[in-house]
Amino acid sequence: MNIVLPDTAGRRSEYALTGTPIAAATLSENPARVVYSAAHVVADPFTANDPSGRATVDWAKTMEFRRYLAGLGLGIAEAMDTAQRGMGLDWPGALELIRRTREELPDALVANGCGTDHLDLASVKSLDDVRRAYLEQADAIQKLGGRLILMASRALVRVAKGPEDYLKVYSDVLAACDEPVILHWLGDMFDPQLAGYWGYEAFEPAMQTALAVIEANAAKVDGIKISLLDKEKEIVMRRRLPAGVKMYTGDDFNYPELIEGDDAGFSHALLGIFDPLAPAAAYAVEQLGKGDRAAFRATLDPTVPLARLIFRAPTQYYKTGVVFLAWLNGFQDHFVMLNGAQAMRPLPYFVEVFRLADQCGLLRDPELAVERMKKLLALYGV
């Protein structure tokens with residue numbers, strides 16, 4: 001099967017698809033690693049709302065994709081950055097998403113983003129403002145029976161005067177949590193407003209603050225997800241976590257080796273890239289559970305160039321690539337996103353995502369993918 005694709009100068013050449021869709025597999029009930037896919041949302045293309053206005057979600061398609069993930073045995077990290085939280089999806093929309101997923105998939109492994117994003121940053125004056133905001137969202141999610149991921153807070157960065165303020169706020173919020181939570185350290189490459197999180201710009205002292213929070217509240221912490229796109233930093237912190245506290249990799253550049261691990265331990269997964277890579281993640285981790293490390297790496301290693309492209313700088317626009325692949329693969333009928341985010345990457349990016357997805361077996365219906373890629377090319381005048 002062939003398609004004519006342009007290069008960055010507009011020169012066109014024929015590309016022959018070579019990939020074979022990844023073999024189907026479902027994670028067992030007790031997999032070798034806990035695996036969460038941070039899932040995207042599907043926009044309603046027929047809304048009369050402007051892209052800069054209130055988000056309108058296609059709930060049917062959004063829930064259909066979550067049933068697909070759960071059917072593969074994957075956990076769902078709900079209402080997180082991948083769902084355009086804070087970049088199109090506001091707190092009321094996030095809570096509605098959490099509620100619907102809870103009702104739709106009551107037995108699935110789901111953890112839900114809990115933050116402070118409903119605050120007007122200009123009006124935040126104190127730690128009490130941040131504390132109340134966290135507790136408001138935590139209470140709302142827990143009333144639905146949902147488990148929590150405590151997301152990093154732009155408001156906390158704004159008002160915290162040092163590491164002790166992070167320890168105070170997190171300890172108070174964790175004390176109100178019904179079940180152990182996942183903490184979330186999101187690097188400033190994903191959100192520039194989170195620079196200096198934990199009270200420091202440098203990694204080592206920032207890590208010390210995060211570890212102090214965990215050690216002071218170990219009974220309330222299931223694990224921590226760090227998204228710093230630096231495998232050495234994750235490994236250093238992983239080796240210093242208290243016993244029983246999990247490291248969840250959020251490293252969308254180095255996930256195969258971090259999940260496989262080394263003699264001193266391994267990372268579980270909570271990844272935005274495991275939205276488009278869901279079948280590869282399920283198949284690879286299932287092989288790992290069977291002791292076949294070679295098959296695990298043979299499945300995931302070829303996906304890394306695609307992941308690095310999708311998450312290239314400016315990293316916060318990775319959602320555009322995630323939803324593009326969801327459209328190519330038939331999980332939605334259009335390539336429209338909340339906040340008009342489909343426009344945040346250039347045509348050569350989409351061309352290369354298409355090529356790499358084919359080459360690592362992630363186009364589940366190549367004929368449909370080619371048909372849709374041609375429609376996108378036509379929109380750009382190709």
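**Exercise 1. How much area does the chain expose, and what share do carbon and sulfur atoms supply?**

Start with the total: the chain exposes about 15300 Å² (Shrake-Rupley method, 1.4 Å probe). Carbon and sulfur atoms supply 50% of that.

Before going on, note that this is a predicted model, where local features need pLDDT of at least 70, side-chain atom pairs count only at pLDDT 80 or more, and totals for chains, interfaces and linings use all residues. Residues are numbered from 1 along each chain as its sequence is written, and side-chain values use heavy atoms, with hydrogens and water left out.

**Exercise 2. Does the radius of gyration of the chain agree or disagree with that of a compact globule?**

First get the rule's value: for 382 residues, a compact globule would come out near 21 Å (2.2 Å times the number of residues to the power 0.38, with the radius taken over C-alpha atoms). Next, look at the chain: it has 20 Å, so the two agree. For the extents, the C-alpha trace spans about 60 × 50 × 40 Å along its principal axes.

**Exercise 3. Where does Gln142 lie, and is it buried or exposed?**

Step one: find Gln142 in helix H3, residues 127–143 (helices are DSSP runs of H or I, at least four residues, numbered from the N terminus). Step two: check its relative accessibility, which is 17%, so Gln142 counts as buried (under 20% relative accessible area, 1.4 Å probe, protein chains only). Step three: skip neighbours within four places in sequence, and Gln142 is in contact with Leu148, Ala176, Cys177, Asp178 and Glu179 (heavy atoms within 4.5 Å).

Notes: Helices (H or I, at least four residues) and strands (E, at least two) are DSSP runs, numbered from the N terminus. Buried means under 20% relative accessible area, exposed over 50%, partly exposed in between (1.4 Å probe, protein chains only).
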